[in-house]
Amino acid sequence: MYKLSDIISKQAISLRGAQLLGTVSDVRFAAALKKADALLLIDGEENADGYLSLPTKSIHTMKEDSVVVRSLSSPLAFSFLPPNNPINLPCVNQDGKMLGRLSDITFDEKFAVIAFTVGESEYKADTLLSHSDSLVIFNDSGAPIKLPRSRPKPKAADRKTVVKTTALPVETAPPQKTEQPVENTAAEAEKPPVTTPTAAPSPAPELGAPDFSFLLGKCITKTLCSSSGRTIAAVGEIVTEQIIADAARENKLVQLTLRAF
């Protein structure tokens with residue numbers, strides 16, 4: 001079994017070619033949170049625009065200090081999709097009781113989810129009732145709960161069904177012209193156009209950012225500087241919350257991860 005907290009920050013290596021693939025920064029889950037599909041790596045070139053996606057089916061073992069891949073049949077794909085890791089999300093039960101925040105996830109050897117850790121409690125994978133980008137709900141009642149399924153959207157072909165009919169000609173009286181006084185027409189032209197107020201668009205929901213707290217307590221192996229040359233973290237320093245916050249302001253979190261061991 002593996003815990004998510006033990007996977008994050010490990011180095012991923014390939015036995016064939018002795019390649020250093022990158023540092024595990026996050027995990028991408030299947031839509032139902034039943035399995036981890038890929039480990040997201042920060043590449044050695046310090047590219048902060050995305051992640052290298054390492055499929056979990058390619059992983060040989062993670063028993064020791066590294067994530068080990070025997071060989072890669074093809075280069076790792078570069079992904080710009082945001083992680084869907086539910087760690088740190090608030091959790092409630094089926095009655096709305098606050099359980100705490102999701103702090104860890106346990107996997108089996110094939111990366112299927114076995115259990116979720118919420119605070120000091122553990123909830124088996126089959127107790128997960130539903131989840132979103134902002135909340136996780138567990139069923140701890142001991143009785144199954146079936147949620148109604150959302151109705152599927154109609155297919156495009158169904159929406160474009162047209163009934164053809166033959167229209168018969170209908171005689172209508174010609175429209176009668178009505179004369180309006182010139183002064184009324186001029187008055188109407190002078191009126192300012194009427195504008196209908198529209199509601200301001202609601203702000204987009206805030207996307208969760210990757211959690212870099214796993215760097216706390218690690219040692220800096222190479223000095224990290226800001227774009228202006230200011231030292232963010234010197235060689236030998238221990239990573240603190242202040243250093244992580246400073247690196248975030250300078251957009252240097254990826255580089256900080258690569259320099260902390």
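A salt bridge is a side-chain nitrogen of Lys or Arg within 4 Å of a carboxyl oxygen of Asp or Glu. With that in hand, let's walk through this predicted model.

Q: How many salt bridges does the structure hold?
A: Side chains of opposite charge can pair when their charged atoms come close. One such pair is Asp246 with Arg230, and another is Arg249 with Asp246. The total for the structure is three.

Q: How far apart are the closest N and O atoms of Asp246 and Arg230?
A: This pair links distant parts of the chain, 16 residues apart. Asp246 sits in helix H4 (residues 241-249), while Arg230 is in the loop between strand E14 (224-225) and strand E15 (231-233). The closest N and O atoms of the two are separated by 2.9 Å.

Q: Is Asp246 buried or exposed?
A: A residue is called buried when its relative accessible area is under 20%. Asp246 has a relative accessibility of 11%, so Asp246 counts as buried.

Q: Which residue meets Glu250 in a salt bridge?
A: Glu250 lies in the loop between H4 and helix H5 (253-259), and is partly exposed at 26% relative accessible area. Its partner lies in the loop between E14 and E15, so the pair ties together parts that are 20 residues apart in sequence. The N to O distance is 3.2 Å, and the partner is Arg230.

Q: In which helix do Arg249 and Asp246 both lie?
A: The side chains of these two residues meet in a salt bridge, at 3.7 Å from N to O. Arg249 counts as exposed, at 62% relative accessibility. The two residues are three apart, about one turn of the helix, and that helix is H4.

Q: Which residues do salt bridges that share partners join into one network?
A: Arg230 pairs with Asp246 and also with Glu250. Asp246 in turn meets Arg249. The network therefore joins Arg230, Asp246, Arg249 and Glu250.

Q: Which strands stand at the edges of the open sheet?
A: Six strands form this sheet, with mixed pairing, in the order E6-E2-E3-E4-E5-E7. A strand at the edge has a single partner strand, so one side of it is left without a neighbour in the sheet. The edge strands are E6 (66-69) and E7 (77-79).

Q: Which residue in E3 stands opposite Ser14?
A: Strand E2 (residues 11-14) and strand E3 (residues 19-29) run antiparallel, joined by four bridges. Opposite Ser14 stands Gln19.

Technical notes: Residues are numbered from 1 along each chain as its sequence is written. This is a predicted model: local features need pLDDT of at least 70, side-chain atom pairs count only at pLDDT 80 or more; totals for chains, interfaces and linings use all residues. Side-chain values use heavy atoms; hydrogens and water are left out. Two strands pair if DSSP finds at least two bridges between them. Buried means under 20% relative accessible area, exposed over 50%, partly exposed in between (1.4 Å probe, protein chains only).
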